[in-house]
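Meeting a new fold can be a bit bewildering. Let's take a quick walk through this one, starting on the inside and finishing at two loops.

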Amino acid sequence: LPFAISDDQNLCIAHAGDSKCVVLKRPSGAKKSKSKWAEMYSTLDHNCFDDDEASNVEKRGGTIFDIRGDLRVFPTRMTVREARRRGLSLNMTRSLGHIFLSEKAGISSMPDIRILKLESDFD
């Protein structure tokens, strides 16, 4: 879930989970209809394929299983079958609103926060 707020000099972006935020820039003075946009910043998904994220889930007490190529986070003291039956697994390592999984499976609700300096030569 991305969130962004800005003032005249900075853009603050916070996100958790697998929602994407992409910041684009366009040179000022360029004709708006024909100017090229360039990616300035893009968030990274919080999932088990990221080694740091997977390690943090395990440190917080979660278990990661590979289910046919899909890495999923499960509560530690629950069988995979039971967790799947009850809908208690995620392929994200961070999420807002999954209180049970944050307590029992190591899912974090702490967002990544990035502050970007806005450049005066871009719109």
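What follows covers the nonpolar cores and then two loop residues, all in a predicted model.

Let's begin inside. The largest nonpolar core has 16 residues, and the members that touch the most others are Ile 64, Val 73, Leu 101 and Ile 107. Three elements, α1 (51-59), β5 (62-67) and β6 (70-75), each bring at least two residues to this core. The largest share comes from β6, with 3 residues. As a general background note, nonpolar side chains in soluble globular proteins tend to be buried together.

Take a closer look at Ile 64. Leaving out residues up to four places away in sequence, Ile 64 touches Cys 48, Ala 54, Val 57, Glu 58, Leu 71, Arg 72 and Val 73. Apart from this core lies another one of 6 residues, including Leu 11, Ile 13, Cys 21 and Tyr 41.

Now for the loops. Ser 108 sits in the one between α3 (99-104) and β7 (112-117), while Arg 68 is in the loop between β5 and β6. Are these residues buried or exposed? Here is how they come out:

| Residue | Relative accessibility | Status |
|---|---|---|
| Ser 108 | 13% | buried |
| Arg 68 | 79% | exposed |

Ser 108 counts as buried because its 13% is under the 20% cut-off. Beyond its neighbours within four places in sequence, Ser 108 is in contact with Arg 60, Thr 93, Arg 94 and Ser 95.

Arg 68 has a quirk of its own: its phi is near 50°, a positive value in a residue other than glycine. Most residues other than glycine have a negative phi.

Definitions and conventions:
Residues are numbered from 1 along each chain as its sequence is written. This is a predicted model: local features need pLDDT of at least 70, side-chain atom pairs count only at pLDDT 80 or more; totals for chains, interfaces and linings use all residues. Side-chain values use heavy atoms; hydrogens and water are left out. A nonpolar core is a set of buried Ala, Val, Leu, Ile, Met, Phe, Trp, Tyr and Cys residues joined through side-chain atoms within 4.5 Å. Buried means under 20% relative accessible area, exposed over 50%, partly exposed in between (1.4 Å probe, protein chains only). Helices (H or I, at least four residues) and strands (E, at least two) are DSSP runs, numbered from the N terminus. Contact means heavy atoms within 4.5 Å.
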